[in-house]
Amino acid sequence: MKKITVIFIVVILFLPVTSSAFMQISDNFTMGAGGYWGNSTDVVLELPADFNLQGGFSISSGGNKFFSLGGGKDLFFQMMSLNAIYNANRSSGYVSDGTELSFSIRPFVGLSTFLDFQLEAGYSFTGHMNTNRSKILPCHSWRVGTGLGILQATNFAVAYTSYIYLPSIPDGYDLQQIQNYVHATQNIKLAGVLGIISGFPGSTIDASVSHILFDCLNLYGSYSWIQCSLDKSVSNSILIGADYYLLENFSLGFAYNLFQDPTPTFSHYYSLNASIGF
């Protein structure tokens, strides 16, 4: 089994309660192994009463396209959060539709200035389809995670995800076609993989850390362990990056991703990103 992955990194967000709408737009361009390139754009709209809407569009080499749309609601002064996202992937060799539901709780939100502890649980369903959509592979995944923020400057997070395929992979399903598509989609920072299940993982473990320096530089890193559901082979991904805030709501960043498949083969990816809020 070659080149499979799902990367889901738990990120702790410290969003202020606002009485007016706030929009954030971010764009990420990635290039790397095998001539891969991809660009993704995401929009988050924070609304009054702690509602939010979010959407994304990605395109990558080979004409692969990804769409997502969803929203959420914070409850009890941001102590609890509920989110739902629909996503779809359309490409020349792979099609999928999925829905993700997540729930998080911050039991000590009153102490978040000093210590912010978060628990998260999520469920997603994705229907993987071959080109002519005659064969569908349903996948149910469950995720649990936890995060810790210290002095609103340092964040730690870890998550475990399990994937269950019911029924098993159907006869005649073109696995190689799917694997060719997911060859260069190893990380959440790469275009086309945010919020979708790519390939056929059995379980993943993701850990991340970030730290803000001088109130303007965000340094972050993450590690992901991915086990294939078919032959139990293991892949690894390491990501490091930095975002620099030129203004309070405007940042530029760079990230490097090293991905190792079970062969083992090492692949290198480089990303540039920008984010603006208003």
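D116 and R106 form a salt bridge, with their closest N and O atoms 2.8 Å apart. (A salt bridge here is a side-chain nitrogen of Lys or Arg within 4 Å of a carboxyl oxygen of Asp or Glu.) D116 sits in strand 7 (residues 115-129) and R106 in the loop between strand 6 and strand 7, so this pair ties together parts 10 residues apart in sequence. Both D116 and R106 are buried. "Buried" stands for under 20% relative accessible area, "exposed" for over 50%, and "partly exposed" for what lies in between, using a 1.4 Å probe and protein chains only.

Before we go on, keep in mind that this is a predicted model: local features need pLDDT of at least 70, side-chain atom pairs count only at pLDDT 80 or more, and totals for chains, interfaces and linings use all residues. Residues are numbered from 1 along each chain as its sequence is written, and side-chain values use heavy atoms, leaving out hydrogens and water.

How many salt bridges does the whole structure hold? A search finds four. Here are three of them, including the one we began with:

| Acid residue | Arginine | N to O distance |
|---|---|---|
| D116 | R106 | 2.8 Å |
| E100 | R143 | 3.3 Å |
| E120 | R143 | 3.0 Å |

Look at R143, which turns up in the E100 pair and again in the E120 pair. E120 is in strand 7 and R143 in strand 8, so their bridge ties together parts 23 residues apart in sequence. Shared partners join E100, E120 and R143 into one network. The E100 pair also links distant parts of the chain, with E100 in strand 6 (residues 95-105), R143 in strand 8 (residues 136-150), and their positions 43 residues apart. R143 counts as buried because its relative accessibility is 7%, and E120 counts as buried at 14%.

Now for the rings. The structure has four aromatic pairs. (Rings of Phe, Tyr and Trp, using the six-membered ring for Trp, pair if their centres lie within 6.5 Å; planes under 30 degrees apart are stacked, over 60 edge-to-face, and the rest tilted.) Take Y36 and Y269: their ring centres are 5.9 Å apart and their planes stand at 85°, so they are edge-to-face. That pair reaches across the chain from Y36 in strand 2 (residues 36-47) to Y269 in strand 14, 233 residues apart. Both Y36 and Y269 are buried.

Y256 and Y270 make a tilted pair, because their centres are 5.3 Å apart and their planes at 40°. Y256 lies in strand 13 (residues 250-260) and Y270 in strand 14, 14 residues apart. Y256 is partly exposed at 21% relative accessibility, and Y270 is partly exposed at 41%.

Y270 has another role to point out: along with F29, M31, W37, F254 and L272, Y270 forms a nonpolar patch on the surface, with about 610 Å² of accessible area together. (Patch residues have over 30% relative accessible area and no salt bridge; like charges are joined within 9 Å, and nonpolar side chains, meaning Val, Leu, Ile, Met, Phe, Trp or Tyr, within 5 Å. Accessible areas come from the Shrake-Rupley method with a 1.4 Å probe, and for residues only the protein chains shown count as cover.) L272 lies in strand 14 and is exposed, at 53% relative accessibility.

Zooming out, the protein chain has one helix and 14 strands. (These are DSSP runs numbered from the N terminus: helices are H or I with at least four residues, strands E with at least two.) Of its 278 residues, 45% count as buried.
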